[in-house]
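This report walks through the helix packing, the sheets and a few single residues of one model. The structure comes first, then the details.

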Amino acid sequence: MTRIGKARTALVIGGGIAGPVAAMALRQAGIEAAVHEAYDHTADGAGGGMTIAPNGQNALDAIGAGDLVRAIGTPVTAIGLRSWTGKHLARFAPPSRLPLQQFVWRADLYRAIYDEAEHRSVPIHHGKRLTGMTDTGSGVTAHFADGTQASADILIGADGIRSTVRSLIDPAAPQPSYAGLVCMGARMDRSGLPSTDGVMYMCFGKRAFFGYQIFDDSSAVWFVNLPHRDPMTVAEAQAIGAEEWMRALRTAFADDRTPALEMISRTDVGQLIITGPMENMPRVTNWAHGRMVLIGDAVHAASSSSGQGASIAAESAVELARCLRDLPYDQAFAAYEQLRRPRVERIVKLGARTNSNKTAGPVGRALRDLMMPTAMKLINPEKMAWQFDHHIDWDAKVVPLT
């Protein structure tokens, strides 16, 4: 254990995606890290799909893991926006100098990262639900619900949007707020529709938002953000049942002149993935306290509308490891927050703005569809590139704040 010095060991709380990435980055930085996951089993088969942006791939490349994404991903060449009438609203893509976005299934990404972490001899312990911690002065001891403990120099919270570590750092820390949307989607083995040639379409429907991409082999993915007035948990959304949700979706898209209704109708009800409510995470004031610090959704949960959640989580995991490699842990935490806060809060804000567009009423929807094509023509693509053109120089030395 160490007092105010460089950390040699770390406890990572949370075994989703950010946690194992952080542990691998820490190991590359010369810090021994073990992952402690609350659930007593792996998350194989869980979750829907996501895109890993060029910046997320770059972050993983910094620790030699970017090829994991490219091996399981399907390239997304552009994002196309359409109205419920089928009208083209806009089309955009990261600058051509950057790698293509990759669509991945969360279950595939989880398994690839999990296997790579194990290959790199990162311990991953299951059934370790964090209940508290003790700062011993020379280290930190985590207490788990099964009665066991684990100790290290520092503790990193990668335990998601309802983070226990966030509450330990600051009991008054904010909790996520419901964005007014319930999310679901499906994988289609054979859609019977022509390929979208790498374009992922986002359709602002008359009653709900529909996104889809059809791949060259006729397989496809679609996802829905369905306005729903009352907040609900994931368990409550899943308890309603796939049959009922499919009926609601067919009603929601009955008037839309997009592929939504056709794709939903061709989907077997057993293929529906109910991922639950979309939530916004308010600004977190305290990222660190003592020997504890937060990464990923625990501190900067970007809405899925941003397409950046997993990517900026990977960035933060890698940047934290760099800071801890070069600085005593207290200075490292401060430098890490200075590096990350402005960027991630800007991305989170963009995602929240997109959510509000998805829940627009009839007047707001008409204004959006009228003004978006003109607004997008006035936007210089290079001015949007800041999201994607973000490079982490692993070898660059981190200096303390002055």
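## Helix packing

The axes of helix α1 (residues 18-28) and helix α4 (residues 106-119) come within 9 Å, crossing at roughly 30°. That angle makes α1 roughly parallel to α4, since angles under 35 degrees count as roughly parallel. The crossing of α1 past α4 is left-handed. On the α1 side, Pro20, Val21 and Met24 make the contact; they meet Ile113, Glu116 and Ala117 in α4. Sorted by class, the α1 contact with α4 holds 5 nonpolar residues, 1 charged residue and no polar ones. Note that the model is predicted.

Helix α2 (residues 54-61) is another case. How many of its 8 residues are buried? The count is 7 of the 8, so α2 is largely enclosed by the rest of the structure. The buried residues are Pro54, Asn55, Gly56, Gln57, Asn58, Ala59 and Leu60.

## The sheets

One open sheet has 3 strands in the order β3-β7-β4, and its pairing is antiparallel. Its edge strands are β3 (49-52) and β4 (74-76), each of which pairs on one side only. From one strand to the next, the twist averages 35°. Strand β3 is joined to strand β7 (residues 101-105) by 4 bridges, and the two run antiparallel. Within that pair, Gly49 has Trp105 of β7 as its bridge partner. Helix α4 packs on this sheet and touches β3 and β7; its direction makes about 90° with that of β7.

Another open sheet is built from 7 strands, in the order β6-β5-β14-β15-β16-β13-β17, with mixed pairing. Which strands stand at its edges? They are β6 (88-92) and β17 (272-280); each has a single partner strand, so one side of each is left without a neighbour in the sheet. Here the twist averages 20° from one strand to the next. Inside the sheet, strand β5 (residues 78-83) pairs with strand β14 (residues 199-204) in the parallel sense, over 6 bridges. Gly80 stands opposite Tyr201 in β14.

The strand pairs with bridge counts are set out below.

| Strand pair | Sense | Bridges | Partner residues |
|---|---|---|---|
| β3 and β7 | antiparallel | 4 bridges | Gly49 and Trp105 |
| β5 and β14 | parallel | 6 bridges | Gly80 and Tyr201 |
| β10 and β11 | antiparallel | 4 bridges | Val140 and Ala152 |

## The β10-β11 hairpin

Strand β10 (residues 140-144) and β11 run antiparallel, joined by 4 bridges. Val140 has Ala152 in β11 as its bridge partner. The hairpin has 4 residues between the strands, and Gly147 takes a positive phi near 90°.

In a regular strand the side chains alternate between the two faces of the sheet. Strand β11 (residues 149-152) shows such alternation: Ala150 and Ala152 point to one face and are buried. Gln149 and Ser151 point to the other face and are not buried.

## Ile240

Ile240 lies in helix α6 (residues 234-240). Its relative accessibility is 39%, so Ile240 counts as partly exposed. Leaving out residues up to four places away in sequence, Ile240 touches Met232 and Trp245. What separates Ile240 from Ile274, in sequence and in space? The two are 34 residues apart in sequence and 9.8 Å apart in space, C-alpha to C-alpha.

Conventions: Residues numbered from 1 in each chain as written. Predicted model: local features only at pLDDT ≥ 70, side-chain atom pairs only at ≥ 80, totals over all residues. Heavy atoms only, no water. Axes fitted to C-alpha atoms, helices over the stretch in contact; angles between N-to-C directions. Parallel < 35°, antiparallel > 145°, perpendicular 65-115°, else oblique. Left-handed = near helix turned anticlockwise from the far one by under 90°. Contact = heavy atoms within 4.5 Å. Nonpolar A, V, L, I, M, F, W, Y, C, P; charged D, E, K, R; others polar. Pairing = 2+ DSSP bridges. Buried < 20%, exposed > 50% of the residue type's maximum accessible area, 1.4 Å probe, protein only.
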